[in-house]
Structure formats: C-alpha cells, structure tokens
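Work through the exercises below with the model open. Each task is followed by a solution in steps.

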Amino acid sequence: MSDDTSMNETPTIETHTEAKSTDDRSPASEADADVAGMDDQSIGEETVIEARDLSVFYGDERALQPVNVEIPDRQVTAIIGPSGCGKSTFLRSINRMNDMIDVARVDGELLFRDTNVYGEAVDPVALRRAIGMVFQKPNPFPKSIYDNVAYGLRIQGKDDDLDEQVESALRRAALWDEVSDRLGESALDMSGGQQQRLCIARAIAPDPEVILMDEPASALDPVATSQIEDLIEELARDYTVVIVTHNMQQAARISDKTMVFLTGGELVEFGDTSRIFENPDNQRVEDYITGKFG
Amino acid sequence: MARKEYQKRLDELREDVLYMGEVVQERMRMGLTALESKDETLADEVITRDAEINELYLALERECTDLIALQQPVAGDLRFIAASFKIITDLERVGDLATNLGKYTKQAERDVYPDVDVQGIGAFALEMVEDAMEAYAAEDTDACYEIDERDDELDAMCERASGFVVRDLIETELTEDTTDAEIERLLADVSRLLLTIRDLERVGDHAVNVAARTLYMVENDDALIY
C-alpha cells in the first residue's frame, strides 16, 4: 500500500537549519563526485536534490557506497544498474522510505532544497508529500477513481475546490479523457496502465516538487508503457522526476540525466543521458550498457 | 560475457567490412592495371564485377540496420556500427571509381600526356585506402590523422597533373590541316584524363572519410569529419 495512507497533517519540512551550505562541501566529497563522473553541464542548473557522502546500511551490510550527486530541477533523472546494485535503495532514501525498514541506517546527507531530509526537525510524512512516489506495481486504493485522487487532498485539508483539483491531477496524469464519465467507479476495475496513471495522479494531486518512480512501467504492456513514458516527459515540465528502471532503452528515451550504479552499491557515473549512452567515461559503465556484463 | 550472439554479430560485421575493403582495393588495382596495359578484358571484368561490391554493400547495410533495430546498441558498439555504416558507403563509392577506370580503359584509343603519372597518383590513393582500412581494423587513431594529412599531398599531385594538362591544351597550336574529328578526339582524350585524375583524387577523399569515421568510432572525436 502506498505510503500516502500514513499522511497526517504535519506542515512543511522547511524547519531544519543544520544543513551545510553548498559551499561547505568537504574535499573528500568533491573527490567522490569526480569519481562519479559528474558532468560539467550540471553546473548552472538548479539543484533540487543533493546527496553528500550518502551511504545506506542494512544491518552491518553497506547497501550504498558514499554517493555524491546533484539532481537538477524539472528534468528526468534515470537510475540504472544491475539487480542489487543499490538503485532502489538510493531512490527510497530520497524521501526516507528506508525508514520503514528497521535495520536500515543512513550516513551522510541528503539535501532537498538545501535541507537535510534526515535532520531531526524533518517530518517524513510531510517530506513524502513534497517528494511523491510511484511504485512498480500499480497500487490504487480499493475506492473510486475520484476518491483515490482526492484522498491525500482531504487528509491535508485541501478540500476546497476538490472537484477542480481532482480533475487537474487526472488531466496532468493524462487520464481525464478516459475516466471523466466514470469517476465513481472502482479504481480496481481499470486496466493496469490506467491504474498506474491513477497512482501518478494521486502522487501529483498534493502538488509535490519531486516524483520518484520505481520501475513504473515494468508491469505494463508496450502501449501502456509508452503512455507512461509520454507522461513522464510531460511531467518533467513541472516536476523533477527520478526514475529507477531496468530498461536501459527506456532510460535512454526519456531521461535527461542518468546515474549508473554498479555492483556493491557504487555510483560509478552520472551525467547527461546522451553522453552516458554514446560515450561513457567509465569502462565498467560501457561494459554494462553494452551488455558485456551484468 | 553476456549477449554472446550479439557480440558475434558485431565481430562478423567488422570482418565483413574489412573483407569489403579488400575487394574494393583489389578492384582498384585491377582498374589501374587495365588502364596501364589497355587491357579491355580486365576492364570488362572490373565493370561487371561492380555488382558484387553493390551486393556486399546492401548486405552490410541491412546488417547495420538490423543490429540497430534489434539489438539497440549503445556507446562504443553504437559508434562502431554507425562508423561502419558510413565506411561501407565510402567503400562502395571507391568501387564505382574503380569501375570508371575500366570504362576509361575501354574508351581510350591512345595515350595522351604519357608524362602525367596516373599510375603513381593511383598507387598513392590506393595506399591511402589500404592504410585507412588497417586503421579501422587496428583502431589506430594516429594513422587516421596521418591519412588526413596525406590527402593534402594527393590533392597537390592531382592539381599539378590537371594544371599541366590544361595548360598544355591551351598552348596547343591547331593548324589549318587539323580536322574537326581530330579536335574532338583530342578533347575527349583530355577530358578522360582529367576525369581519371579527378576520380583518383576522390578515392583519397573516401580514404579520409574512412579514417574520419574510424577516429569517431574509437574516440568519439569528429575532428576529421568535414
């Protein structure tokens, strides 16, 4: 079930003051950024999310090597890599979904608009409203189409002009034309592709800034997949999208930036998608994307 | 290694492009020999066997298209296929230019301007093609730059040869006894020689194209393209 179900009325996360300024980066983290092959092109773009020496452990096991990366505003950033490389772990660390795993522990910083989301003053529920998430398998609530979208808005008390907000979210999720005459029907009667777009509508209804997607099209047929891909490109006009995908061609098609994690939870390269897929810096990345290993 | 069948097809593409290069070089040698020895039988063979090169080209073009459509190559593999796709076009054109040498052989009834070293220019251009294909096989980027520089030398050789012919033609004194048929024959011979020189100069250009695409393939560097 979506984490939206745990939403409460906690206000924004903009209360934390301990985060370092961007000028306060340590030499070690700069060195790590170089290792990750950060593109010069990212300089000058507004950064929404920044990882600084971010590591994740499950018990004693390190699932993520220290990650240093800056994810730009209103672009699609794809995360690719072989199974078990840490890409979903990194994605879930952005809106603290790993908090739900008892043995998970995070080191380093994950800044959202310069605020460390792991700071004590940050409310994870409010954070997840600003950084929504869409999962691999569509997970609509067993309610009507309308109520699925309205759910988070009601909880937040944003129920003025609810019809308008629901319609707006469904339109932004490219679903309105298909469901406008049956909003009262159960969401569970929709096709898989429609259910996934409904989940996207539900995620964007509270007007988040970032949308995280964990293999959102892997359970869908090619037509539904292309609809989701079109939608992701549309969404990137208004939102920052970070998407984990096993489908490298999908990453190449829809993303502006690509992060490549390889075995051991190491971010090996990050940069413009066109460069990663035409001329990666790192030989291991080249070997991975050309199918020579992995 | 994963994707074994895909890797095998990439290896085979490389081998086939190199084979096409060898066929084209052989055809150039035959064309130059036919021209030098006025061997019309050899000239006919060069002309008729151009169809083999065209078939090779079409088969390799299809293979490149298939690999792109079905295997979605990226990075170095993509550059290799894209470069090969362009290189086979250049090789096919060199094959056409070799065919032209066969045609010129059949049209020529006599040598004009024997002092013009057509064979020397041809050998120079052919060696550029040979070296360009070796650079492709060995992924030798230094050789790519070197071939590009050599093209200037070939251009200068061709310009000197053409200039010599044109100047001599202008200075040729026609007498009252010179018939129209003789004038037409002279012009046809001179035009054919100038076309031969131009074609050999173009062979060098195609060799540079092969080198330029090889450099792109190996280093993602388009410095020699145009």
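**Exercise 1. The contact between the chains**

Task: Find which residue of chain A forms a salt bridge with Asp77(B), and describe the side of chain B that touches chain A.

Solution.
- Step 1. This is a predicted model. Asp77(B) pairs with Lys292(A), and their closest N and O atoms are 3.3 Å apart. The cut-off for a salt bridge is 4 Å, so the pair qualifies.
- Step 2. Two elements each give two or more residues to the side of chain B that touches chain A: helix H1 (4-37) and helix H4 (75-107) of chain B.
- Step 3. H4(B) gives the most to that side, with four residues.
- Step 4. Sort the residues on this side of chain B by type. Five are nonpolar, four polar and three charged.
- Step 5. Count the contacts. Twelve residues of chain B are in contact with ten residues of chain A.
- Step 6. Add the area. About 980 Å² is buried between chain B and chain A, and carbon and sulfur atoms give 49% of it.
- Step 7. Tally the polar links. Between the two chains the count is one salt bridge. Five residue pairs are in polar contact, both residues being at pLDDT 80 or more.

**Exercise 2. Aromatic pairs**

Task: Are the rings of Phe90(A) and Phe261(A) stacked, tilted or edge-to-face? Classify Phe80(B) and Tyr136(B) as well.

Solution.
- Step 1. Over all chains, the count is four aromatic pairs.
- Step 2. For Phe90(A) and Phe261(A), the ring centres are 5.7 Å apart and the planes stand at 40°, so the pair is tilted.
- Step 3. Place them. Phe90(A) is in helix H2 (residues 87-94) of chain A, and Phe261(A) is in strand E9 (residues 257-262) of chain A. They are 171 residues apart, and the pair links distant parts of the chain.
- Step 4. Check accessibility. Phe90(A) and Phe261(A) are both buried.
- Step 5. Turn to chain B. The ring centres of Phe80(B) and Tyr136(B) are 6.4 Å apart, with planes at 20°, so this pair is stacked.
- Step 6. Phe80(B) lies in helix H4 of chain B and Tyr136(B) in helix H5 (residues 118-138) of chain B, so the pair ties together parts 56 residues apart in sequence.
- Step 7. Phe80(B) and Tyr136(B) are both buried.

**Exercise 3. Salt bridges within the chains**

Task: Where in chain A do Glu46(A) and Arg113(A) lie? Which residues join them in one network? Compare with pairs elsewhere.

Solution.
- Step 1. Start with the principle. Side chains of opposite charge can pair when their charged atoms come close.
- Step 2. Over all chains the count is 33 salt bridges. In one of them, Glu46(A) meets Arg113(A) at 2.7 Å, N to O.
- Step 3. Glu46(A) is in the loop between helix H1 (27-35) and strand E1 (47-58) of chain A. Arg113(A) is in the loop between strand E4 (104-112) and strand E5 (115-116), 67 residues apart from its partner.
- Step 4. Glu46(A) is partly exposed at 46% relative accessible area. Arg113(A) is partly exposed too, at 29%.
- Step 5. Take Asp99(A) and Arg96(A). Their salt bridge has its closest N and O atoms 2.7 Å apart. Asp99(A), at 35%, counts as partly exposed, whereas Arg96(A), at 13%, is buried.
- Step 6. Move to chain B. Arg29(B) and Glu130(B) form a salt bridge, with the closest N and O atoms 2.9 Å apart. Arg29(B) is in helix H1 and Glu130(B) in helix H5 of chain B, 101 residues apart.
- Step 7. Arg29(B) is partly exposed at 33%, and Glu130(B) is partly exposed at 23%.
- Step 8. Close with the network. Salt bridges with shared partners join Glu46(A), Asp73(A), Arg74(A), Arg113(A) and Glu209(A).

**Exercise 4. Two loop residues**

Task: Is Asn139(A) buried or exposed? Which residues does Glu45(A) contact beyond its neighbours within four places in sequence?

Solution.
- Step 1. Asn139(A) sits in the loop between strand E6 (131-134) and helix H4 (145-155) of chain A.
- Step 2. Its relative accessibility is 17%, so Asn139(A) counts as buried.
- Step 3. The side chains of Asn139(A) and Arg202(A) are joined by a polar contact of 3.1 Å.
- Step 4. Glu45(A) is in the loop between H1 and E1 of chain A, and at 27% relative accessibility counts as partly exposed.
- Step 5. Beyond those sequence neighbours, Glu45(A) contacts Pro72(A), Gln75(A) and Lys257(A).
- Step 6. The C-alpha atoms of Glu45(A) and Glu70(A) are separated by 9.5 Å, with the residues 25 apart along the chain.

Terms used: Residues are numbered from 1 along each chain as its sequence is written. Chains are lettered from A and ligands numbered from 1 in the order in which they are written. This is a predicted model: local features need pLDDT of at least 70, side-chain atom pairs count only at pLDDT 80 or more; totals for chains, interfaces and linings use all residues. Side-chain values use heavy atoms; hydrogens and water are left out. Contact means heavy atoms within 4.5 Å. Buried area is the accessible area (1.4 Å probe) that two parts lose on being put together, summed over both. A salt bridge is a side-chain nitrogen of Lys or Arg within 4 Å of a carboxyl oxygen of Asp or Glu. A polar contact is a pair of N or O atoms within 3.5 Å; within protein, one must be able to donate a hydrogen and the other to accept it, and residues adjacent in sequence count only if both atoms are side-chain atoms. Ala, Val, Leu, Ile, Met, Phe, Trp, Tyr, Cys and Pro count as nonpolar, Asp, Glu, Lys and Arg as charged, and the others, Gly among them, as polar. Rings of Phe, Tyr and Trp (its six-membered ring) pair if their centres lie within 6.5 Å; planes under 30 degrees apart count as stacked, over 60 as edge-to-face and the rest as tilted. Buried means under 20% relative accessible area, exposed over 50%, partly exposed in between (1.4 Å probe, protein chains only).
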